[in-house]
Amino acid sequence: YEIYQCDWSSDVCSSDLAGCPPSELNRRLSWHVLPPRHNVGRTRVPLDPQSAQGYFRVINSDGRSTWPPAGSPDRRIVDVSTRALCVLQVIGGLGYGGVQRSTYEMARYTVRQGWRSIVASNGGPQEDLIESVGAEICRLSSIRFRPVAILRNAFILRRVVLERGVDILHARTRPGAWSAAIASWLTGVPMVTTFHAVFGTRGPGKLAYNAGLLRGRKVIAVSKFVLQHIMTVYSPPADKVVLVERCFDPERFAPDLIAPERRLALRESWGASNDMPVIMLAGRLSRWKGQDDFVEALGRIAALPWLAVLVGGSRGSGKYERDLKSRVEELGLGGRIVFLPATDEMALHFAAADLVVYPASRPEGFGRIGVEAQAMGRPIVATGHGGSLETIRDGETGWLVPRSEEHTSELQSH
């Protein structure tokens with residue numbers, strides 16, 4: 001058995017164990033009866049302040065709920081006075097989206113606090129970046145809402161929790177939340193979740209799928225809009241949901257960090273002269289992100305001088321991207337609209353643009369693009385719903401376009 005620092009749960013009376021020498025503590029813990037729903041014992045035991053501070057939990061090293069007899073050679077007590085808290089984040093793919101960026105930033109923050117950080121995912125281009133800040137990577141199988149995949153990942157997470165002494169599970173996706181919830185139930189390690197967006201609720205199956213994110217002890221909402229959605233649709237206890245608004249990274253998104261020659265070089269690679277207005281839409285190619293409305297609006301201002309850049313790339317078959325490019329040619333805008341893949345250099349790309357557009361047809365939970373563009377000193381035109389209402393000051397730091405049947409015309413006029 002290993003004793004690790006923790007700050008929650010109480011299954012053993014602390015007065016029975018406080019101040020015990022290691023040998024006596026080990027003997028008394030062998031009397032502890034495991035809770036029926038846990039595979040791992042729990043204690044909340046303040047020890048001698050001179051040896052260690054805080055509370056402790058007891059982990060069976062092989063993950064089983066049976067206790068070996070007293071004197072067994074695998075019984076051991078570990079000095080916990082210098083043990084660091086360990087946080088395991090659970091996510092899907094590590095691409096270039098806002099959720100992945102938040103995962104990286106939390107991993108970096110955790111390591112800087114002197115804690116240990118582990119990120120469980122099914123891989124992606126951001127793995128190297130996360131490892132570069134001192135976090136560990138754990139590979140999961142495909143993150144999908146399928147019972148077999150969820151159970152497989154749950155047991156992977158259970159093993160990681162037990163082997164690496166994880167203290168907190170933090171799930172950021174719906175299928176990941178279901179796997180993490182099972183792992184939390186099997187190990188007794190607490191789980192928190194983050195609602196990064198609002199999800200469709202059509203039908204009981206969809207609601208059940210979404211409800212995985214409500215199984216955390218605390219549920220984090222990334223904006224007031226998401227918080228209101230959670231309380232209205234799912235009606236959890238009010239003290240369970242916590243508002244923790246997302247942000248931008250000032251270590252990356254600051255105009256002074258971008259050398260003017262880098263900005264000019266990037267614009268030249270797009271074919272834009274120094275005095276040519278560059279309009280940018282950032283986000284993966286998806287119908288609800290509004291690239292089709294953007295192209296139609298550009299077609300209506302073709303007489304004006306501009307160059308447009310769409311940054312993000314496509315997923316799946318790429319049909320939507322082909323449709324967009326076909327429409328660009330139909331409008332006679334070939335050579336004036338540049339399609340670029342996803343990149344980790346968004347600060348540089350925003351600096352090279354003059355105006356950023358985000359015409360999402362569905363409300364974003366937060367809208368990180370709008371905040372990062374403003375951090376780089378760029379005004380933004382965005383659809384006036386969701387998180388954008390909280391992050392853009394209409395007429396001051398950007399313009400909010402009402403979502404309506406005339407959405408394309410509104411974009412054109414702005």
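**Features of the predicted model**

Ser-235 is exposed, its relative accessible area being 54%, and this value lies in the exposed class because that class begins over 50%. In this predicted model, Ser-235 is placed in the loop between helix H8 (224-233) and strand E9 (241-243). Although Ser-235 is not a glycine, it has a positive phi of about 50°. Most residues other than glycine have a negative phi.

The charged side chains were examined next. The structure holds 22 salt bridges, and one of them is formed by Arg-164 with Glu-136, where the closest N and O atoms are 2.8 Å apart. This pair links distant parts of the chain, since Arg-164 belongs to helix H5 (residues 147-164) and Glu-136 to strand E5 (residues 136-139), with their positions 28 residues apart in the numbering. Arg-164 is partly exposed, with a relative accessible area of 27%, and Glu-136 is likewise partly exposed, at 30%.

A further salt bridge is found where the side chains of Asp-354 and Arg-267 meet, at 3.2 Å from N to O. Here too distant parts of the chain are linked: Asp-354 is in the loop between helix H12 (346-352) and strand E13 (355-358), Arg-267 is in helix H9 (residues 260-270), and the two are 87 residues apart. Asp-354 counts as partly exposed, at 33% relative accessibility, whereas Arg-267 is buried, with a relative accessible area of 1%, because buried means under 20%.

Arg-327 forms a salt bridge with Glu-296, and the closest N and O atoms of this pair are 2.6 Å apart. Arg-327 lies in helix H11 (residues 319-330) and Glu-296 in helix H10 (residues 291-300), so the salt bridge ties together parts that are 31 residues apart in sequence. Both partners are partly exposed, Arg-327 with a relative accessible area of 30% and Glu-296 with one of 25%. Beyond such pairs, a network of salt bridges links Arg-101, Glu-105, Arg-108, Arg-112, Asp-249, Glu-251, Arg-252, Asp-344, Arg-368 and Glu-372.

Strand pairing was also considered. Strands of a sheet pair through backbone hydrogen bonds, either parallel or antiparallel. An open sheet of six strands, with parallel pairing, has the order E12-E11-E10-E13-E14-E15. Strand E12 (337-341) and strand E15 (398-401) stand at the edges and have a single partner strand each, so one side of each is left without a neighbour in the sheet. On average, neighbouring strands of this sheet are turned by 20° against each other when direction is ignored. Strand E11 (residues 307-312) and E12 run parallel and are joined by five bridges, and Val-311 stands opposite Leu-340 in E12.

The search for open space gave a further result. Rolling a probe the size of a water molecule over the atoms shows where empty space is left. The second largest pocket has a volume of about 680 Å³. Its lining consists of 27 residues, among which Met-106, His-170, Arg-172, Ile-220 and Val-244 lie nearest the centre of the pocket. The elements that give two or more residues to this lining are helix H3 (98-112), strand E6 (168-171), strand E7 (191-195) and strand E8 (218-221), and H3 gives the most, with seven residues. By residue type, the lining of the second largest pocket divides into 13 nonpolar, five polar and nine charged residues.

Notes:
Residues numbered from 1 in each chain as written. Predicted model: local features only at pLDDT ≥ 70, side-chain atom pairs only at ≥ 80, totals over all residues. Heavy atoms only, no water. 1 Å grid on protein atoms, 1.4 Å probe; cavity = no way out; pocket = protein on both sides within 12 Å on 5 of 7 lines; lining within 4 Å. Points joined across faces, edges and corners; volume = space filled by probe spheres on them. Helix = DSSP H or I, 4+ residues; strand = E, 2+ residues; numbered from the N terminus. Nonpolar A, V, L, I, M, F, W, Y, C, P; charged D, E, K, R; others polar. Buried < 20%, exposed > 50% of the residue type's maximum accessible area, 1.4 Å probe, protein only. Salt bridge = Lys/Arg side-chain N within 4 Å of Asp/Glu carboxyl O. Pairing = 2+ DSSP bridges. Axes fitted to C-alpha atoms, helices over the stretch in contact; angles between N-to-C directions.
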